Amino acid sequence: MKYAIAANDNKLDTFVAHHFGRCEWFCIYDDETKRSEFVENSARQKIENVGYEAASLLIEIGIKSAVSGRFGAKVIEAFRSHNVQMIIPETEKKIQEIIYQIK
């Protein structure tokens, strides 16, 4: 299964971003191959529908779960319609901690 983790830097030791749509990067982690890669959030600089555009990009990649500090209403709607699970960590966590918990 592929996970998308919102991040403001393209390093595993960065913290999960607080805002899904405006984050700079998404760490895509595949729990079958145990590989991670960073994909730039090209939608973050748009004026409107930022979260929805970012969600659409990730749905095209084939993610089944997303991790972020929060999700907007349009993102929630898009992810629910494509059966993408949304995870909001209870405390501030680094991407590598999230990946460790997934393993």
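**Exercise 1. Asn41**

Decide whether Asn41 in this predicted model is buried or exposed, and describe what surrounds the residue.

*Solution.* Begin with the accessibility: the relative value for Asn41 is 0%, and since buried means under 20% relative accessible area, Asn41 counts as buried. Next, place the residue in the fold, where Asn41 is found in the loop between strand 3 and helix 1. Then list its contacts, leaving out residues up to four places away in sequence: Asn41 touches Phe20, Gly21, Arg22, Cys23, Glu24, Trp25, Phe26 and Ala54. Finally, look for a polar partner of the side chain, one of whose polar atoms lies 2.9 Å from the backbone oxygen of Gly21.

**Exercise 2. Arg44**

Find out which side chain makes a polar contact with that of Arg44, and state whether Arg44 is buried or exposed.

*Solution.* Locate the residue to start with: Arg44 lies in the loop between strand 3 and helix 1. Its relative accessible area is 17%, and because the limit for a buried residue is under 20%, Arg44 is buried. The side chain of Arg44 is joined to that of Glu40 by a polar contact of 3.3 Å. When residues up to four places away in sequence are set aside, Arg44 touches Gly21, Arg22, Cys23, Glu24 and Val50.

**Exercise 3. The hairpin of strands 2 and 3**

Work out in which sense strand 2 and strand 3 pair, parallel or antiparallel, and which residue of the hairpin takes a positive phi.

*Solution.* Take the strands themselves as the starting point: strand 2 covers residues 25-30 and strand 3 covers residues 35-40, and the two pair over six bridges in the antiparallel sense. Within this pairing, Glu37 of strand 3 has Ile28 standing opposite. Turn last to the connection, which has four residues between the strands, and in this hairpin Lys34 takes a positive phi near 65°.

**Exercise 4. The largest pocket**

Determine how many residues line the largest pocket and which element gives the largest share of the lining.

*Solution.* Consider the space first, which amounts to about 200 Å³ in the largest pocket. The lining is made of 15 residues, and those that lie nearest the centre of the pocket are Gly21, Val50, Gly51, Arg70 and Gly72. Two or more residues of this lining come from each of helix 1 (50-61) and helix 2 (73-81). Helix 2 gives the largest share, with three residues. Sorting the lining by class completes the description, with six nonpolar, five polar and four charged residues.

Notes
Residues are numbered from 1 along each chain as its sequence is written. This is a predicted model: local features need pLDDT of at least 70, side-chain atom pairs count only at pLDDT 80 or more; totals for chains, interfaces and linings use all residues. Side-chain values use heavy atoms; hydrogens and water are left out. Two strands pair if DSSP finds at least two bridges between them. On a 1 Å grid over the protein atoms alone, a cavity is a set of points where a 1.4 Å probe fits but cannot get out, and a pocket is an open set with protein on both sides within 12 Å along at least five of seven lines; lining residues have an atom within 4 Å of a point. Grid points are joined across faces, edges and corners, and a volume is the space filled by probe spheres set on the points. Ala, Val, Leu, Ile, Met, Phe, Trp, Tyr, Cys and Pro count as nonpolar, Asp, Glu, Lys and Arg as charged, and the others, Gly among them, as polar. Buried means under 20% relative accessible area, exposed over 50%, partly exposed in between (1.4 Å probe, protein chains only). A polar contact is a pair of N or O atoms within 3.5 Å; within protein, one must be able to donate a hydrogen and the other to accept it, and residues adjacent in sequence count only if both atoms are side-chain atoms. Contact means heavy atoms within 4.5 Å.
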